[in-house]
Every structure is written in structure tokens, then in C-alpha cells.
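Colleague: Before we discuss this assembly, I would like to hear how each label in your description is justified. Could you show it to me and then take my questions one at a time?

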Amino acid sequence: MSFTAYIFYFFAFMTIVSAIFILTTRNVLYAAFALLGTFLGVSALYVFAGADFLAMAQIMIYIGGVLILILFGIMLTNRIAEHQYLVSSSRNSFFAVTGGVTLFGVLIIAILKANFTSLLWIQEAQKKASVNSTMEKIGENLMTDFVFPFEVAAVILMAALMGAAFIASQVVKK
Amino acid sequence: MTKGANNTYFGNIREGFSSLMKGLFLTLKHFVDARFRRKPIPVFDKDYFKYDKGIVTLEYPHEAIPVPDNGRYRLHNEIDDCIVCDLCAKICPVNCIEIDVIKSTEEIGKTSDGTTKRLYAARFDIDMAKCCYCGLCTTVCPTECLTMTKTYDYSEYDIRNMVYHFSDLTPAQAEEKKKLFEEQQKQKAKVEVDKNKGNVEDSALKDKPATEGEVKKPVFKPVIKPVIPKKSPDQDQDKKE
Amino acid sequence: MLAFILFLGLLLLYVVIAVYAERKVSAFVQDRIGPTEVGYKGLGQTVADLLKLIQKEDIVPSAADKKLFLIAPIVIFTSIFAGFAVLPLSPDLVGSKVSVGVLYLITIISMDVIGLIMAGWGSNNKFSLYGAVRSVSQILSYEIPLTLSILCVVMISQTLDLQEISFQQGIWANHYESENSITNYLFGIKYFGIDITQAGGILSWNIFRMPLLFFAYIIFFIASLAESNRAPFDIPEAESELVAGYHTEYSGFRWALFMLAEYGMMLLVAFLGVILFLGGWNTPFPNIGEVKLAAWTSGAPGTIAGNLWGAFWLIGKTILVIFLQMMVRWTYPRLRVDQLMYLCWKVLTPAALLLVFLSGIWRLLMV
């Protein structure tokens, strides 16, 4: 195994371990912080998949934005100081376990049966000697083929931002 | 431009920018001027007021500004000139001077200004840790033996070292002088008794000499007068009537 | 790997020197002398301080959230040190040749916000928590003008690769392994037709290729001060209000890590500013006719001379920027929270947006 492979397994391990930690821990704040490990690991895996822009977007949006929002949400709402951690009780463990195991089995079978090497885009990617950045392609596509969805998304986000600012700035009248 | 002259959005930005630049240049000027240094010269030096820029720090243990000769810092007592009058101990507002007196059997000598010395100081201690440097003790000193010197850096690791002993008598010597004086008093008393033999016993008791070497101090009792509010004349008249 | 060791060494050396320099600069600004006793002119003062810090007991408050408290400094330092991975120190020396360098740098340093929350929350101390919350709100807000001002450069340079941006700003513009050749015109305007690709020097720096980028650099500089929690934007650790902000409860080596991260951030943003706006590792002297000042003061990429000159110019410019950061710190008083937000949202962000727009137009003039 090459050095790169070790790094790959390290990040894969980090992703899974922190994901399992999120599931098992009873402290919701720890779970949120463990998300950092998961997000980082996932973005590292994106880098291994040659999707450098996606990896950066993953860190920027999920770690820089969503995670911080979650942390603030937990700190401001949950009364952690009195150790009243949010504990979700499993009401129907039988169905949960069956559902989970079934889904896992189906996915495993699907992955094992799929013949990835015969896929066209993987063959193309393997032909290329070096991995080129996806930046340029993403940029060009966003500005040409996908300019309408891109702009719609921008307008929706803008509306959401303005709405949030409006709600936050409203003075409560008695 | 006066501050807040243009209190609009762009006015604020312009004013903020200009004042920020001004501040930055001011500090930069000081930074550049840091190549100059103020010399450690005393205030009576003619160049004292010439240093108007550069570093002002005095690296104290390595350099110091000279203190004038009449600096009023640590107390010093020239015990040879001291007549042990106890005035300094009395005037001291913080009671930092402690004096034990032994009367002498004869005249000890003269101070440098010709005053006769009749008392020994068994103890003449000044606790400089208590001293408030008011200088009253030096003012009242009749022979000007107690003075303030220009030594100001005399800090100690042990506070007991701040007590300065000025007495030149060793404890043994002090004991000896005390005994000598007691002997003399006894002798005197004997002579008295011999002279007035047959007198009433009481008088001997009354004239009992101070054998313990105590000095009777005049006791000053502050008398607090009750403040009587002045009454208006018509009130007085009312009372009279 | 070489870049990793170099940057780690550079960072540690820098912190030792910068703390000393900061004390000396502040002293000179205030007409004092600064440290004098340890070593010649007090040069050993920082080393002595560091030795003391390392010897100190690693105190964890009994009421603190122990795991978060212990991890936080490591998260902060790691995220900031990771930012150095994409900085081109010289034409050939760069930790990672990624084509998304700028984006990576912005995102990875935003990770230290998580560490700050960890430290603030884990300390279980109101000052720490206040400091962390203030710091997070400040860093998140100032990321917007910071990113917008960087976006101006990216639009002019048409790349996110920091090494390519560096190459574009000098006489070696066409030595980089990119397909299209570059012609630098004076002030970037093709219409005048004054080709300065071979003149290089200060004329081909980004602030000259597109003069409006000078204003972008001012915005970048202000925002970077806020990002690294330095005065006048040091309200997260305002010592007169919050004791020491999010690192109130830390001592010894972990506190040293916080300091290391803070000074590392200073160095990182100074480096980034120099690379993006001030020509990176390129020489400031242009070639004027036969007087080949630029060629004399820099070497061709790939040669040892080229690397040494590159590192010299980059570090030299960075030191100047850091000196400016220090002067700013010792000149201006701390901003109030509302002033901080006013500056960010009502002054810097609109100005940066306008500059982004103008940069787009300028780019059209350049081709």
C-alpha cells in the first residue's frame, strides 16, 4: 500500500469513527463537535475522488457555516449547564434494526454486484495521466448550461437572507 | 477639520480615514524618534528641558538621575551630637523613632555646637519602614544632629532590617551606665537621709528618687471642649424670661 | 514535505522574533525601551518566556469540559497551520500545488472558529464564552469583505492557484505551466498598448496591474486584522473587559499554542496579502530599458538563486506588512462591538462589492 492509500484509510476511518461517535454519544454538543471530524473526513475523501472544488465547498459550507449554526443552536437552546442532554429514546427498536440491516444489506449487495470499471466516466478518468482541477469546468458549466438554476438558487438565497433579516429586525409590539 | 463636522455616511468615512492616518503618522513619528534617548541628567542641569523627543525610560539600576544634596530621604542621626532630648520621638506622627534614655552621673561631653550632653541613649532606633518622610523630627532637633540624607534606594529583603540603630552603646555598656547612675542615686539618698535624720518618715517616702531610671514625661492630655452651639440672643432672652 | 518543515520552522522562528519585535515596536511607539535584560538588547526575552511557559503546569479547571478544553488549542493551531500548505514561498517551493489554493486557504482558516467555540465552551467560564461568541461573530462577519476583496484578485488573475497568481505578477509570467501566455499591460489596460511583461517589478504587481486593487488591499488588510483578532479588532480577548477572552483559563503549553496560532494567523494573512496584491515573491524593481533591475534582483524559476531571491522578497514584504499590523495595533483603540459591525457590514462589504463589480469591468479591458 502506498503512502496515499494510508492517508485514504486514515480519513475513511476518521469519518466512520466520528459518525459512529455521533450516534452513540449522549451529549449532543459532543455529537456536534464530532461532526467536524465527519465533515473533514468526507471532504478529504472528495479530494481523493478528484473533486477538489467539492471538497472545499464541503468545508466552507458544512464546517464554516452549518456546523457553527448547529453549535450556536445547541448552546442557545439546550440547557447543557444543568446536564439535561437531549437524549432520544428508541421507541421502536425492532423496526429500526430491521430497516437498518436491510438497507445495509441491499447497499452492500448493490456495491458488490456493480461493475465500476465498466463505467464510461471512470474509464475516461483513468485514461488521463493527471487529475485536472474541476474548477474550470464547474465555472464554465455554471455560467452556460446551468446559468438558470444557478441564478434561481441565488435569488432564492437572497430572498431567504432578506426574510431572515426582516424577521430578526422586527421589534415586538405590545 | 473639526470633529463630527460632516456627520453623514461619507463624511464619517472621510473623517475616520483622515484621523486614522493622522494617528498612524503620529505613532510612526514616535517610532522613528526612538533613536534618540533622554540622558539621565538632574533637573538642575541646563540641558534638562532640551530633550523633547525620543525614549524617556530610565534604566534605573544601571543609571540614575542624581539626587540633589538636600534630598530628603533616609534619616540619619549623628549620635555624637545628639543630646537625647526625645523631641523627635514626640513629634513623629507615625511613632517610628524609639529612644531609651539613661541619665548620666556626670556631664558626658559637649556636642559640636557646644550644648552639654547629660543623657545616654541606650536605644535610638528609627524604623524607616514606618517613616513617612515628613521631616518634622529634623525640624525640632535642637542640635541638628537628626538629618535627612539623599540616599533613597535602601530596600531590604527582611523588614527588620529597615530599623536603623543609631545608639553607640552596647547593651553591656548601657547596663553599666544604668547601674552607675543607680549607685549615685543611692549615695545621694543616703546623704539626704543622714542629713534629715529624725525627720518625719513620710518625707523620705515622698522624695523617693527615680531609681528605675525613668524619666517623668509631662503628660499632655488633650482636652476636648464641648462645642456649644451659639444661641441667638432672642432665644437667650426667652430663657431669661 | 520540505515545505512542511520549512514552514513549521519559519512559523516557530517567526513567533519568537515577532513577540520580541512587537514588544520593541510598542515600546518605541510609547517612548519606552522594551525588554533589555535577557541577552543583548533583550533578544533572549521571548526564549526565556517560552521556556517558562513550557515548564508551567497544564492546569485544567475542575469545572471545565475536559475533552473540549484539551482538544481546542490543537484544533485552532492545526487549522491555521494547515493554511500554510498552499503558500508559495518561492517559484518552486510550495507545499501543495492545488488549483483551488485561495479557496482552500479561506475555508481552512474558517475552521479555527470551531476551535474557538470549543475553547470558550469547554472552559466553562463566562469570559471565555463571551470571548468565543464575540470572536465567532467577528470572524464570520469579516470573512465576507475578506473573501470579496480576494475575489477581486481572483477575477483579475483568472485563477485560484496562488503560485500562478505569484507568477503573473513579475517578469517570469510565462514560465508557469499554464497553457495560455500572459501579457501584462501598464495598469492592465490593453488599449494603451504599453507592454510591461518584460519590465516586471512593481509595475506588474496586482495593485498596479489593476490600480483599484489598492483599495481592495486596504479592505483585505482591515478584514485580515479582524480575522486574526488583533487590535483594534481584539474585542474577543479585550483584556479590560474579558480578562483574556476565550483563552482565559489556559496556561502553560496550551496557552502557548493559542499564542502560536494567533501569531501564525498574523503571518498567514500577511503572506496572503503579499501574494495576492503585492507581487508575491517577485522583486519590486522593474527593468528599465538596459538597466535590468528586475533581472538582477531575482533569479529564474528552478535555479537556487531564483528560490533564494523569491523567499527573500516574499519574507521581506511580509515583514513590512507585519510591521504595519503592529503599528496599527499600537496606534488605535479597540472598537466597540456595534462599531465593529458597522464597519464590516455598512462600509467594507458595500465597498468590496463595488470593487468586485469594477474588477469585472477592468478584466474586460485587460483582454
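Modeller: What follows is a set of questions about interfaces, a pocket and a salt bridge.

Modeller: This is a predicted model, in which local features need pLDDT of at least 70 and side-chain atom pairs count only at pLDDT 80 or more, while totals for chains, interfaces and linings use all residues. Residues are numbered from 1 along each chain as its sequence is written, chains are lettered from A and ligands numbered from 1 in the order in which they are written, and side-chain values use heavy atoms, with hydrogens and water left out.

Colleague: How do you know that chain B and chain C are in contact, and what area is buried between them?

Modeller: Contact means heavy atoms within 4.5 Å, and 19 residues from chain B and 19 residues from chain C take part. Buried area is the accessible area (1.4 Å probe) that two parts lose on being put together, summed over both; for chain B and chain C this is about 1600 Å², with carbon and sulfur atoms giving 68%. On the side of chain B, the residues that lose the most area to chain C are B:Tyr9, B:Leu24 and B:Phe31, together 33% of what that side buries.

Colleague: What makes a residue pair between chain B and chain C count as a polar contact, and how many are there?

Modeller: The rule asks for a pair of N or O atoms within 3.5 Å; within protein, one must be able to donate a hydrogen and the other to accept it, and residues adjacent in sequence count only if both atoms are side-chain atoms. Between chain B and chain C, seven residue pairs satisfy it, both residues being at pLDDT 80 or more.

Colleague: How many such pairs are found between chain C and chain A, and what area is buried there?

Modeller: Across that interface the rule finds zero residue pairs in polar contact (both at pLDDT 80 or more), whereas the area buried between chain C and chain A is about 2000 Å², of which carbon and sulfur atoms give 86%. In chain C, the residues that lose the most area to chain A are C:Ile114, C:Ile117 and C:Trp121, together 28% of what that side buries.

Colleague: Why is the pair B:Arg123 and B:Asp100 called a salt bridge?

Modeller: A salt bridge is a side-chain nitrogen of Lys or Arg within 4 Å of a carboxyl oxygen of Asp or Glu; the closest N and O atoms of B:Arg123 and B:Asp100 are 3.2 Å apart, so the pair qualifies. The pair links distant parts of the chain, with B:Arg123 in strand β5 (residues 119–127) and B:Asp100 in strand β2 (residues 97–103) of chain B, 23 residues apart; strands here are DSSP runs (E, at least two residues), and helices are runs of H or I with at least four, numbered from the N terminus. Over all chains the search finds 15 salt bridges, but the count between chain B and chain C is zero.
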